[in-house]
Amino acid sequence: MAASRGSALPIKPPAAERRCLRFSIAGGPRAPGRARAWLQTATVWLPEELERKLVMLVSELVNNSVVHGRASERDTIEIEVRATPDGVRAQVRDAGPAFA
C-alpha cells in the first residue's frame, strides 16, 4: 500500500487561480531539492509567503518519503498541489510502507 502524506495551508489563493499541479520525481537524497526547484517555478501564482510555506512543507514531506518510505533513485515520488476554496493542499505519495 502506498504511503500518502498531505497537509492544507489555510490561505486563499485568488479565485481565478484555482488549479491543480502534479509532478513526479525520482526519490533519493536529491528529491527534496528537485521538489523545491519545481515548486518555485510552478507556484509563482501564489502569494510569496504562502509559496515559501508550501515549498518548506512539500520539501519536508518529500524528505519523509525518502527517509521513512525508503524512496530511492529507482522509485517515484508523486507530488500534487491543489488550490482549494479554503487554501492550498499539498499531497506527496510514494510506494513505501504506509504508517500503521
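The following dialogue explains the terms used for this predicted model.

Mentor: Residues are numbered from 1 along each chain as its sequence is written. In this predicted model, local features need pLDDT of at least 70, side-chain atom pairs count only at pLDDT 80 or more, totals for chains, interfaces and linings use all residues, and side-chain values use heavy atoms, with hydrogens and water left out.

Trainee: How do you know which helices and strands are in the chain?

Mentor: Helices (H or I, at least four residues) and strands (E, at least two) are DSSP runs, numbered from the N terminus. The chain has two helices and four strands, in the order β-β-α-α-β-β along the sequence.

Trainee: Why is T43 called buried or exposed?

Mentor: Buried means under 20% relative accessible area, exposed over 50%, and partly exposed in between, with a 1.4 Å probe and protein chains only. T43 has a relative accessible area of 0%, so T43 is buried. This residue lies in the loop between α1 and α2. Leaving aside residues up to four places away in sequence, T43 touches L21, E51 and L54, where contact means heavy atoms within 4.5 Å.

Trainee: What makes a set of residues a nonpolar core?

Mentor: The set must consist of buried Ala, Val, Leu, Ile, Met, Phe, Trp, Tyr and Cys residues joined through side-chain atoms within 4.5 Å. The largest such core here has 25 residues, and L54, V58, V62, I77 and I79 have the most contacts inside it. At least two residues each come from β2 (20-26), α1 (31-42), α2 (48-67), β3 (76-84) and β4 (87-94). The most is given by α2, with eight residues. As for I77, its contacts beyond four places in sequence include F23, I25, V62, V66 and V92.

Trainee: How do you know what span is expected of α2?

Mentor: The expected span of a helix is 1.5 Å times one less than its number of residues. With 20 residues, α2 reaches 29 Å from its first C-alpha to its last, close to the expected 28 Å. Buried residues in α2 include L50, L54, L57, L61 and V62.

Trainee: What makes β3 and β4 a pair?

Mentor: Two strands pair if DSSP finds at least two bridges between them. Seven bridges join β3 to β4, and the strands run antiparallel; the requirement is therefore met. One bridge partner in β4 is R93, which faces E78 in this pairing. A hairpin connects the two strands through two residues. Six of the eight residues of β4 are buried, so by the cut-off this strand is mostly covered.
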